[in-house]
Amino acid sequence: MTLTLVLFLSLGLPLMGVAEEVSVESIEPLARLNQEAAQAYSSANYPIALEKWEMGLKQARAQNHQQYIGKFLGNLGIVYDTLGQYQQALKHYQQALEIQRQLGDKSGVAADLSGLGLVSFRLGQYQQALAYHQQALALHRELGDKHGEGADLSNLGIVYDELGQYQHALKSYQ
């Protein structure tokens, strides 16, 4: 059974809420790298996606641009998950989650929790996967994000099914 992978590949960053000391000129290269990496990922060119997001992460860290650091870490988690490098995916998602929480970015937190749930499932850590998906579901509901909510419910159903908890699985699927 395949888990639903909700990709939160942010292609841009609204300037609202950006710290005053961060100039538009410093954000443009980060946005460009993020977009190029997302395009490479969408084309299944994972080595280029990794390269671009790693480069972006390095630049964002040099600029101390926390929003982009969180985005790049989360996107790297997606690529490492896709490549089956689950420990690397966990590491990147956990770092991204910490930053998104510090920033108060509930959408980012929900995305990273979903990613952690997916990786935990793949590692056979079903109880941990449930916990992550339940937290993500609560946030997606709070945000009114129906797409994220649907993905979380599907993922919960798959985990419950794997655990033999068919009534819970059925409820999640409905």
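Reader: How far apart are the end C-alpha atoms of helix α3, and what span should its residues give?

Author: A helix can be checked against a ruler: the expected span is 1.5 Å times one less than its number of residues. Helix α3 (residues 66-82) has 17 residues, which should span 24 Å, and its end C-alpha atoms are 24 Å apart, so the two agree. Bear in mind that this is a predicted model, where local features need pLDDT of at least 70, side-chain atom pairs count only at pLDDT 80 or more, and totals for chains, interfaces and linings use all residues. Residues are numbered from 1 along each chain as its sequence is written, and side-chain values use heavy atoms, with hydrogens and water left out.

Reader: How many helices and strands does the chain have?

Author: Helices (H or I, at least four residues) and strands (E, at least two) are DSSP runs, numbered from the N terminus. Here you get 8 helices and 0 strands.

Reader: Back to α3, then. How many of its residues are buried?

Author: Buried means under 20% relative accessible area, exposed over 50%, and partly exposed in between (1.4 Å probe, protein chains only). In α3, 14 of the 17 residues are buried, so the helix is largely enclosed by the rest of the structure. For the chain, buried residues make up 46% of the 174 residues.

Reader: Can we zoom in on one residue? What is isoleucine 69 in contact with?

Author: Contact means heavy atoms within 4.5 Å. Isoleucine 69 lies in helix α3 and counts as buried because its relative accessible area is 5%. Leaving aside neighbours within four places in sequence, isoleucine 69 touches Leu57, Ala60, Arg61, Asn64 and Ile99. Its C-alpha atom is also 7.5 Å from that of alanine 96, although the two residues are 27 apart along the chain.

Reader: At what angle do α2 and α3 pack?

Author: Axes are lines fitted to C-alpha atoms, for helices over the stretch in contact, and angles run from 0 to 180 degrees between N-to-C directions. Angles under 35 degrees count as roughly parallel, over 145 as roughly antiparallel, 65 to 115 as roughly perpendicular and the rest as oblique. Helix α2 (residues 46-63) packs against α3 at about 155 degrees, with the axes 9 Å apart, so the pair is roughly antiparallel. Residues that meet there include Leu57 and Ala60 in α2, and Ile69 and Phe72 in α3.

Reader: And how do the axes of α6 and α7 cross?

Author: The axes of helix α6 (residues 126-143) and helix α7 (residues 146-162) come within 9 Å and cross at roughly 160 degrees. That makes α6 roughly antiparallel to α7. Among the residues that meet are His133 and Leu137 in α6, with Leu153 and Leu156 in α7.

Reader: What covers the buried residues of α6?

Author: The cover includes α4 (86-103), α5 (106-122) and α7. Beneath it sit buried residues of α6, including Ala129, Leu130, His133 and Leu137. After α6 comes glycine 144, with a positive phi near 75 degrees. Glycine 84, just after α3, takes a positive phi too, of about 80 degrees.

Reader: One last spot: is serine 172 buried or exposed?

Author: Serine 172 is buried, because its relative accessible area is 10%. You'll find serine 172 in helix α8 (residues 166-173). Beyond its neighbours within four places in sequence, serine 172 is in contact with Leu153, Leu156, Gly157 and Tyr160.
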